[in-house]
Structures are given as structure tokens and as C-alpha cells.
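This report describes one molecular structure for a reader working at the bench. The sequence and the coordinates are shown first, and the description follows.

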Amino acid sequence: MSDTINRYKQQFKAMMKSRDGDISSTVELRQGAMDCFSELGFPTTRMEAWRETDISQLTKRDYSFATTKPLDLSHKDIAQFLIDPAHVSTVVIVDGNYSEELSSIHETASKAGAIKLFSEIANNEVLKSTVGSLAPFQKDAFVALNIAFMSDGIFIRVPKNEIIPKPIHILYLTTSHEKEVMFHHRNFVVLEEGSEATIIEHYASLDGSPSLTNVVTEMIVGKNAGLRHVKIQEESDRVDHIATTQADIQSNGNYTTSTFLVGSRLGRNDLRVRLAGKGAECSMSGLVLASEEQHLDNHTLIDHEAPYCTSRELFKGIHTDSSRSVFNGCIVVRKDAQQTNSEQTNKNLLLSDNAVVNSNPQLEIYADDVSCSHGSTTGQLDEDAIFYLRSRGLDVLTAQGLLINGFANEIIDSVQIGAVNIYLYRLLSNWLAQMRINING
Amino acid sequence: MTPKLDTVKSLTEQEYKYGFVTDIEQETFPPGLNEDVVRALSAKKKEPEWLTEWRLKAYRHWLKMEEPTWPNVHYNPVDYQAISYYSAPKSQADGPQSLDEVDAELLETYNKLGIPLEEQKLLAGVAVDAVFDSVSVATTFKSELKKHGVIFSSFSEAVQNHPELIQKYLGTVVPSTDNFFAALNAAVFSDGSFVYIPKGVRCPMELSTYFRINASNTGQFERTLIVAEEGSHVSYLEGCTAPMRDENQLHAAVVELVALDDAEIKYSTVQNWYPGDKDGKGGIYNFVTKRGACRGKNSKISWTQVETGSAITWKYPSCILQGDNSMGQFYSVALTNNYQQADTGTKMIHLGKNTRSTIISKGVSAGFGQNSYRGMVKIMKGAENARNYSQCDSLLIGDKCGAHTFPYIDVRNPSAQMEHEASTSTIDEDQIFYCNQRGISTEDTISMIVNGFCKEVFRELPMEFAVEAQKLLEVSLEGSVG
């Protein structure tokens, strides 16, 4: 372990040297986080939160921070990852660098001054006091590592009572590299009182270079504000993807989030929501499409701190080949959170003999006047349903495809943003086509 | 009863010269645990050498282990060196001489539970006549069991009389190195029960520790082993609805069940040890490892438990479903009141084809009680068509208590079907109002609702136990509504 930490320490020194100028204002913060990381070390399977996800392969890889200039890309190169530009503002980050040519920010968003880069407000006290305020790095090795190495980040602030009608699509792209590189992205979203916005966080790779993506996203949803959040992760199967998202919802705020975990070799998604004000609502859904040797892990936490809050959670997973997925969903209802209403469901489909599913839905309840429930199911496609379809002339694969589509569409449908839905349906049908080739082959 | 330190010191020193001499009268070992204590304990019980070695191996492994911290319970650390690991069965002269000397509160509880006077004496540890009813009943039962070839004896007796069976099965379900408390138990277990049901025998009666004459002083490290041979059937009852008089704070028991082809074991527990006073002082720590192995085809193990006592309960009766078509069941009611904490649940490990398991867990929290369900369902690769159904419901009474659910589900076979459901709710004010309006007191209403809530589990209990369990819940919940 100490070898690994030393390697990261050396990387840190080298990075501080090479990026001397542009990160001067955050030197102390980064150094503190690095010290913290050295002390914590990477999590092991002996820790409860990482019991089912073994990252020892990840820690062995010799990741270094990216130094080379990103490739010049055109719209054509990235077209496959774009959501209809007529309907969304697009922010494109290539290998951790903002690309002005590829991005197109819609008028309503630019007028409100909503989207900024960390580097643009680097000397601003606002940044210093907010970044890391929701997701502290002291106890989390990956968050600490993120602060120490973070590249430029996206800072979205929607002013009071402002409504941004078009979704903001943030596309993080990884291009090819000679070495195994790592990227530490960071997003910070603040919705002030009564405002509304839609954010799409999107991670993809242009080719199969091995890399590590380590993201930290912090979100504040103010009083009566409404945030829709979609996360799509479709990186290549040689990428390790670790993400930590922390959202704080103030009173009567509404947070809707949908996670689509499709890509990466090892994918870990920590999604934590704090319902901090009376009457806050959270609706969380997720879809995992796991194939080949993938290991995908969703860890969610909904923390009911205030009374009269509602939360809904539905995660589904489809597993083929030797893939493995973990769902660990925890709902905490604090002592004062009376009149909480909470529902959590996890459903898994196993399509091959070697796939493994771990499902740990958890409830921790300290208040009495609550209504909470959770459920979890794991199984295969209903034989009777397949038989029914086949008796009407459909072949096995088509019948299976129909049923799988129906299973997955429930999550995609819940997104309810036309252009994004179209993108997600395409993603699903591509995945299914790929899977079918595997089954036939 | 005072420990004779000098004697023990000389005793331990002797070991190196001549081996152990056990003819010195010694009632209780001085507190502390080391290899010599384990040896001395084993020698005291005249155990064969392999068992001594087995204990020592467990002890050595225990030294390397750490006490688990993952359960959702909080307690002051236990000083393992402050416990005396052997105490000879107490003579009845030490106990209270008549019921007048027994704690009045305890007696009141007995009366509420409707326990006959003679039984009250036995439970409270009052010296009783040799001709006391249940003793003679027990003797009759023994001859009946003998006729069928059923072995039902204390563990120590079994070690002497049936060493080959003990050696064959001991530690095969819960290895001596399994976990911190199981290892401790393996090193220093005092006594317990041994049950052996021969091939094809349906045990003619429900076996209960209650009827085993020397059951009263099995000590704090109890070890139970039940073996059901091919095609046999047994129902075993452990514990008692009445609060037990007990001075030991730490209880670390181990229960092992082995069911061979077509065999069925039904294990029912009612646990009502001292839960501590209203402020959470005192009370028993109950850290138990219970596991059953369905080794044979079509075998079945069923656990039913009603947990109302102990300050802290840490207990996961589990089933290893090895044989094809084997079946595991877990029915549990856990109640925590005042400052009680319970972290309990089950593990169902599906290995064989067509294995089925059912989990029904009901948790009731009142006062400052914290109740956690922690369960694991693991469906391994070879477990074709495995089926699991889990249901965990929690009922909260009062706003200072907590109910938690931590299921772990691990599926490695696509033909498996598993379902888990959990819900948490409170008793509705409307329900209470409705009953009040019809002249039912709030306390009766609560007990009625709680009993209804637990019905599914009570139904699994043997008749007389079920009746007592209902009353027990009433008593345990007393004062939980203001």
C-alpha cells in the first residue's frame, strides 16, 4: 500500500510543479487533501462500504496526471455523444480541459451567467468557501485525491427565481493517451431560492485508452428550487470510474436524479442526498447495464434530516456475461424527521450463469411517525412471458429483447426530457444489440 | 465460593512437572483466561485429549481475532480477563430457600405470565424437592426417548458416553475459528445439550432444555449440537418465557444443527434474559452463533425465535442449504424496550439445487430501544432454481426508538428467484382511537396490534409456547405508552 501512496505523492509533486501558475490559489487546499489521502490510503474490502467492490486492481495501476495537450477535435468526432443541440446547452470538456469550439451554450443559460469554470473564479472567495463544503475529503480517500489533483471544474449558479428552460449537458470526454492517465473532475451546482434547472452529467471515451475518472459533484437545491439531474456514464471498458455526488435539498426543494451506469471496467457511483429542509423531495432512479467483466457499484444514501420529506428510489440492473453489480441503498430517517414518506426498490435481471448481483437495501429509522418500505428482487426473465410471445410468432431473441426493453424503459421514461430520452433509448438499443451478438457468438 | 488463588497457582505450576492433577476441590476458577485455564477447564470435565487440543486451537485463534464492531449496537467493552471461566454447578443450598426470599418484582412477572408455583421456584433458583413434578416427568420422558434410540443429554455427558459422535460433528457447522465469540465459546464452553436422532426416527415429543434436569446451570458459554440422521424429525425448544435469574453478563453460546437426507429440525427459542433496568443499566449481553447445515437432500431446518430479553442481542441463526431440495426457514420476533438493543437476523446460504428459504422477521421497538434486522441471502452458482422470500417488518412505538434493516443479497445464479420486502410503520393514532372508543384501554390496544403484527411468527411456535409468548410481549411492552 505504501508504494501506491508514494507513487501518488510523487505524481502530486510533479503536478504541482508543472501547473505552478494556474493553481496558486488552491495550493494549501490541495496539499491538505493530499496529506489526508496519504493517511487514509485507498479503501479496502475490509471496509463495510467497499466490502463488495475490490479496487486492488485499480490501486496497482500506474496512473499519472495528464500532461499532453488534448487533441483537436471537431463536432463530427464527438457527434455520437451529443444530445440534439437545439434542445440543450452543451459544455464539452476534453481530457479535463474546457473546449470552447465544441461547446454551445444557449442564450438563457449564458445570460444568467450560470455556467462558469473554476479557473474563471479561482481567486473568488465564493469558490473557496463552497467547494468541498458538502463532500468533505477528510474521511473519503477518493474525494481527497480529487481535491489534490482536480482539474478545471464546472461551477453552475442559478440566481434566485431564475428558470433555465434548456438542459445543460456537460460532456466529459477522454481521448487516447500513451500512458495510463487519471482525471479528477469536479462539478458544483447551486440553485438559489425558487430557481429551476436541468443538468446532464455525461462521461464518455473516444477510444479505449486505459484511464481513471474520479469525479466529485456537489449540489445545493435551495428553497422551493427544482433540480433535475441525469448522469450518463458510458466510458470504455478500460476505464475505472469513481464518482461521488452529494446533494443538499432545502425546504420544499425538489431533486430528481437518474443515473445510467453502462460503461467502465470498474464503476463506482456514490450518490448521497441530504433532505435538509422541511417538505423537501427527492426522487432517485437508476439503470445499470452490465456485461462482460464489468463491475458496477451504486451506493446511494438518502438522509432524511427534516420532517415532512418524501423520497422515492428505484434502481434496476440488467446483467450478462461475467458482470457483477452492487446496489447498496441506505435510507436514514433522523430523530426529528417525522412524517417521512420513503420508498426504495431494487430490481435485478440476471441473464447469464456467471453474472453476480449484490443487493443491500437498508433502512435506518430513528423517528416513529414514518412510513418507509423497501423491496428487492432478483431473477430472470419470466418464462411464461417468453412463451406467450413465442406462441405469437416472435423468436426467442426478439421476445427477450422486448421484455428487457420493457424492464429498462421504466427508468428511461422517468427522465421525461425528450431529447435525452431519445439518446438513452439509443444507448439501450445499442447495448442490447451488442449483447445479442455476444449471445449468438 | 471464594477463589483459592494459592491453590490454583500451585495447580498451574504443577502442569509442567506432572501434567494436570484435578483432584483438588475447586469450585470456581479465579477470573482470567489463558491456555492453562482452558486446559484446566478441559481436565475438570475429563475431556479426551483431542477436545482439549480443539479448545486450545480455538483459544489461540481467538487471541488473534478482534471483537466485531460492525453490529449496530453500543456497549461498554467486555473485560475478558475479568470473567471466571469455570464454576462448578452450584449446590442448591446457595439459592434462596423459599419464594419469600425472591425479588418481589420477579414474582409479579411470573404471576402475570401465569406460571405455576412449583415452576416459579425452579426458575427463581429456589431449592426444590427431588420429587418435584417436572423432575419426575423428565425421568419418564427419558425412558421414552431411550426406547426410540434418541440421545438427549448434556454436552459433558455426551462427550463421555458418545465421544465418536461428538468428534464427528463438533465444529463442522460452526468451526472453532468462525468468529470472535464462536472462537471464545469453543475455547471455554461450559456445557450445553446434545441431541442425536437416529435414522428414520420421529422424535416422540418436543425436546426442551426445560426438562433436562441439569439444564439450570449450563453457564454462560453454552454449546448445543443437534444431529438428525436420515429421515428423522425433531422439534427442539430452548429457553423459557420467564425471566431467568442469572449473574453472568456475557453470554456467548453456539448452536450447531446437522440435518441429513430427508431430516427435519425445528428449533424454537424464547429468550427473556434480564434486559437491564429502565435506565439501561445492567442486563445480559447475548452474543450467539447459531447455524444449521442442511447436509442431505430434502432436509429442512426451521428457526423460530422470540427475543424479548437481554440488554444486547447479537444473533443470526443461519442455514446452509447444501443438499438438493433442502429448505431453510427463519421466523423471528424481536422486541426492544427501554434501552435494549438488538441486532439480529439470519443468513441463508443456498448451495444445492432447488433450495428454498423463507425469512419472516418482525421487529418491535419501544422506549429507547434500537432494533436492527441484518440478514444475508446468498445464492451460489450451483443453486439452480433457488428461491428466497424475505419479509422484514418493523413497528415503532414512541419517538425515541429506532428500527433498522440491513439485508445483504448476493445472487450468482440466473435461475434464482429472490424477493425481499421491508416496511416500517407506527401504530396509528386512529387505530388507538377506534379501540378506545369501543372501551379497550390504550395498553390493551397496543398489545392487540403488536400481537396481530407478530402472528405470522407465533403461528410457528409450539402451542403452549405461543400462548406464553403472547403474554410475554404484553409484559415486555408494559409502560411503553404514556
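## Surroundings of A:A419

Apart from its neighbours within four places in sequence, A:A419 makes contact with A:I83, A:D84, A:H87 and A:V88. This residue lies in helix 10 of chain A, which covers residues 418-440. The model is a predicted one, and its description here proceeds from this residue to the domains, the chain contact and chain B.

Is A:A419 buried or exposed? A:A419 is partly exposed, because 18 other C-beta atoms lie within 10 Å, whereas 20 or more would be needed for a buried residue and 12 or fewer for an exposed one. A:L102 is separated from A:A419 by 317 residues in sequence and, C-alpha to C-alpha, by 19 Å in space.

## Domains of chain A

Chain A is divided into domain 1, residues 2-277, and domain 2, residues 381-441. Taken over C-alpha atoms, the centres of domain 1 and domain 2 of chain A are 31 Å apart. Domain 1 of chain A contributes 12 residues to the contact between them, and domain 2 of chain A contributes 11 residues. On the domain 1 side, the elements that give two or more residues are strand 8 (196-205), strand 10 (226-234) and strand 12 (254-261) of chain A. By class, that side of domain 1 comprises 7 nonpolar, 3 polar and 2 charged residues.

Helix 8 of chain A, residues 383-391, is hardly covered, as the count of buried residues among its 9 residues is 0. After helix 8 of chain A comes A:G393, with a positive phi near 95°.

## Contact between the chains

How many residues does each chain give to the contact? Chain A gives 31 residues and chain B gives 30 residues. On the chain B side, strand 19 (402-411) and strand 20 (417-426) of chain B are the elements that supply two or more residues. The side of chain B that touches chain A holds 13 nonpolar, 12 polar and 5 charged residues.

Strand pairing also links the two chains: strand 19 of chain A, residues 356-365, and strand 19 of chain B run antiparallel and are joined by 6 bridges. Within this pairing, A:S359 has B:I409 of strand 19 of chain B as its bridge partner.

## Fold of chain B

Chain B contains 12 helices and 20 strands. Of its 482 residues, 48% count as buried. Among the contacts in chain B with a separation of 6 or more, 83% are between residues 24 or more positions apart.

Strand 16 of chain B, residues 356-366, is largely enclosed by the rest of the structure, because 9 of its 11 residues are buried. Strand 13 of chain B (residues 327-336) runs parallel to strand 16 of chain B, with 10 bridges joining them; in this pairing B:Q329 has B:T358 as its bridge partner. Strand 16 of chain B also pairs in the parallel sense with strand 18 of chain B (residues 387-397), over 11 bridges, and B:V364 stands opposite B:L395 of strand 18.

## Confidence

The model scores ipTM 0.71 and pTM 0.79. For chain B the mean pLDDT is 78, and 77% of the residues reach 70 or more. The pLDDT is below 50 over residues 7-26 of chain B, a stretch with 16 contacts in the model beyond near neighbours in sequence. It is also below 50 over residues 89-94 of chain B, where the corresponding number of contacts is 5. Where pLDDT is low, predicted coordinates should not be read in detail.

How values were computed:
Residues are numbered from 1 along each chain as its sequence is written. Chains are lettered from A and ligands numbered from 1 in the order in which they are written. This is a predicted model: local features need pLDDT of at least 70, side-chain atom pairs count only at pLDDT 80 or more; totals for chains, interfaces and linings use all residues. Two residues are in contact if their C-beta atoms, placed from the backbone, lie within 7 Å. Helices (H or I, at least four residues) and strands (E, at least two) are DSSP runs, numbered from the N terminus. Ala, Val, Leu, Ile, Met, Phe, Trp, Tyr, Cys and Pro count as nonpolar, Asp, Glu, Lys and Arg as charged, and the others, Gly among them, as polar. Two strands pair if DSSP finds at least two bridges between them. pLDDT is the predictor's confidence in each residue, from 0 to 100. Domain bounds come from an automatic or database domain assignment.
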